[in-house]
Amino acid sequence: MKLWGGRFTEAEDALTEAFNESLSFDKRMYRQDIRGSIAHAKMLGKQSIISEEDSEAIVKGLEGILSDIEAGKLTIGGSAEDIHSFIEAELTERIGEAGKRLHTGRSRNDQVALDMKMYTRDHMDSMVEEIKELINTFEKLIDENRDTYMPGFTHLQKAQPTTLAHHMGAYKEMLLRDLSRLSDTRDRLNECPLGAGAFAGTTYPLDRDYTAKLLEFRKPTNNSMDSVSDRDYLLEYIFDLSTIQMHLSRLSEEIIIWNSNEYQFVRISDAYSTGSSIMPQKKNPDIAELIRGKTGRVYGALQSLLVVMKGLPLAYNKDMQEDKEFAFDAMDTVLDSVKLMNGMLSTITFNKTRMEDSAKRGFTNATDVADYLVRKGVPFRTAHGIVGELVLLCEEKKCALDDLTLTDYKNICDKIDEDIYDAISLETCVKNRKTTGAPGELL
């Protein structure tokens, strides 16, 4: 069934039909399409645009279709152009003439806009819940690792000592910002386009406030032309998804590095690893690598939609059908990535001894030696140079700063005393960093 065709006298070309159809990918919006149609039918009945009898028959028929799809009794498919025509054809077959009245005062343009907004909103709500679960996992890791010492890095070089709790806390902050962005996007998204018609509204006395309320939107959209041509909310959401995926990719990169033979900071559960077809000793961090790799396709979805929208005149254009496949792919990819990251982190094992030993090597406490000298009255810039000489000595002796003898220290700076060893221990280095947001706050 086509929702158009009365003015056409020739059959649609087969390739045109295949090129034009969207049922194969927009069928996932069946819940939103049915829910939107139920709200529209109730409003039509309330406004006496159609009879209450027809309104009730439509609602009952749509509820039956939804129930049958959910139960697997009705398969979405066939020759329908899209999910909208499939549902309407099925409804008409079930309830007869009343089904043909459903589309009164509605265009496929505002129907599509509504379905996509509702699908995006529903997906966003699921994303928020999964991110909250991941944040809970980070909070558990923070609580369990307040005194798990490790090196902090800049430029992938050991820099200063920190704790695993502090490191995990950084990712928690990223995810909290992600939640804030999602909340902002949802608020702007939450305006109902239903009733905008093709782009100029309708002559029927629709109650748009009523349908907006039924569908849990904050309000109806203000401009009917913008209502059907707006995809800003989807661009915003895919940007939010891209940022979330970027955060997961950064963490994946660290897990991959920490899992390497050279680091051995972590052991990834077998449930989130794979092996090699030729090298039996291998245990590869494939899930972390795939999360990192799939980040590109999420970015690609954002770029694709930006390009689709950049030259479109008002109002609706068929180009906008291209918003769905890559948007759905980005949504699926990021939601799966969040779930997998949560599972991987929940089962990961940290080699605390190895991490602490690594922090002791690499001069991560060099800044603390300089701070020690400053407390002894040495200007920081002078102290910086003294510590540089001490590091050179350590490299010659192939030892850490902690391993230098007091004589070694005094040969370079006579202000250094026995208390240097306590001052530069990992525990002291971390504990004394108590400024807001520093790792000492967690001890």
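## Thr295 in helix α11

Thr295 is buried, with a relative accessible area of 4%, in a model that is predicted. The residue belongs to helix α11, which comprises residues 286-309. Leaving out residues up to four places away in sequence, Thr295 touches Gln245, Met246 and Ser249. Leu241 can be placed relative to Thr295 as well: the two residues stand 54 apart in sequence, while their C-alpha atoms are 9.6 Å apart in space.

## Helix α5 and its surroundings

Helix α5 runs over residues 83-95, and its 13 residues reach 18 Å from the first C-alpha to the last, close to the 18 Å expected at 1.5 Å a residue. At the start of the helix, a side-chain oxygen of Asp82 comes to within 3.2 Å of the backbone nitrogen of His84, and after the helix comes Gly96, which has a positive phi near 80°.

The buried residues of α5 are Ile83, His84, Ser85, Phe86, Ile87, Glu88, Glu90, Leu91 and Thr92. Their cover includes the helices α2 (23-26), α3 (30-46), α4 (52-70) and α6 (108-144).

Within α5, the side chains of Glu90 and Arg94 meet in a salt bridge, with an N to O distance of 2.8 Å. These two residues are separated by about one helical turn, because they are 4 residues apart in the helix. Glu90 is buried, at a relative accessible area of 15%, whereas Arg94, at 34%, is partly exposed.

## A buried acid in helix α6

Asp115 lies in helix α6 and is buried, yet has no salt bridge. The nearest side chain of opposite charge belongs to Arg106 and is 6.5 Å away, which is beyond the 4 Å within which a salt bridge is counted. The side chain of Asp115 does make a polar contact, at 3.2 Å, with the side chain of His84, a residue that is itself among the buried ones of α5. With neighbours within four places in sequence left aside, Asp115 is in contact with Met29, Gln32, Asp33 and His84.

## Salt bridges across the chain

The structure holds 32 salt bridges. One of them joins the side chains of Glu216 and Arg35, with 2.5 Å from N to O. Glu216 is in the loop between α8 (208-214) and β4 (219-220) and Arg35 is in helix α3, so this pair ties together parts that are 181 residues apart in sequence. Glu216 is exposed, with a relative accessible area of 54%, while Arg35 counts as partly exposed at 28%.

Another salt bridge connects Arg433 with Asp368, whose closest N and O atoms are 2.9 Å apart. This pair also links distant parts of the chain, with Arg433 in the segment after α18 (426-431) and Asp368 in helix α14 (residues 366-375), 65 residues apart. Both Arg433 and Asp368 are buried.

Salt bridges also form a network, in which Glu81, Asp82, Arg108 and Lys318 are linked. Asp82 of this network is the residue whose side-chain oxygen approaches the backbone nitrogen of His84 at the start of α5.

How values were computed:
Residues numbered from 1 in each chain as written. Predicted model: local features only at pLDDT ≥ 70, side-chain atom pairs only at ≥ 80, totals over all residues. Heavy atoms only, no water. Expected span 1.5 Å × (residues − 1). Buried < 20%, exposed > 50% of the residue type's maximum accessible area, 1.4 Å probe, protein only. Contact = heavy atoms within 4.5 Å. Polar contact = N/O pair within 3.5 Å; in protein donor to acceptor, adjacent residues only side chain to side chain. Lys, Arg positive; Asp, Glu negative; His and termini not counted.
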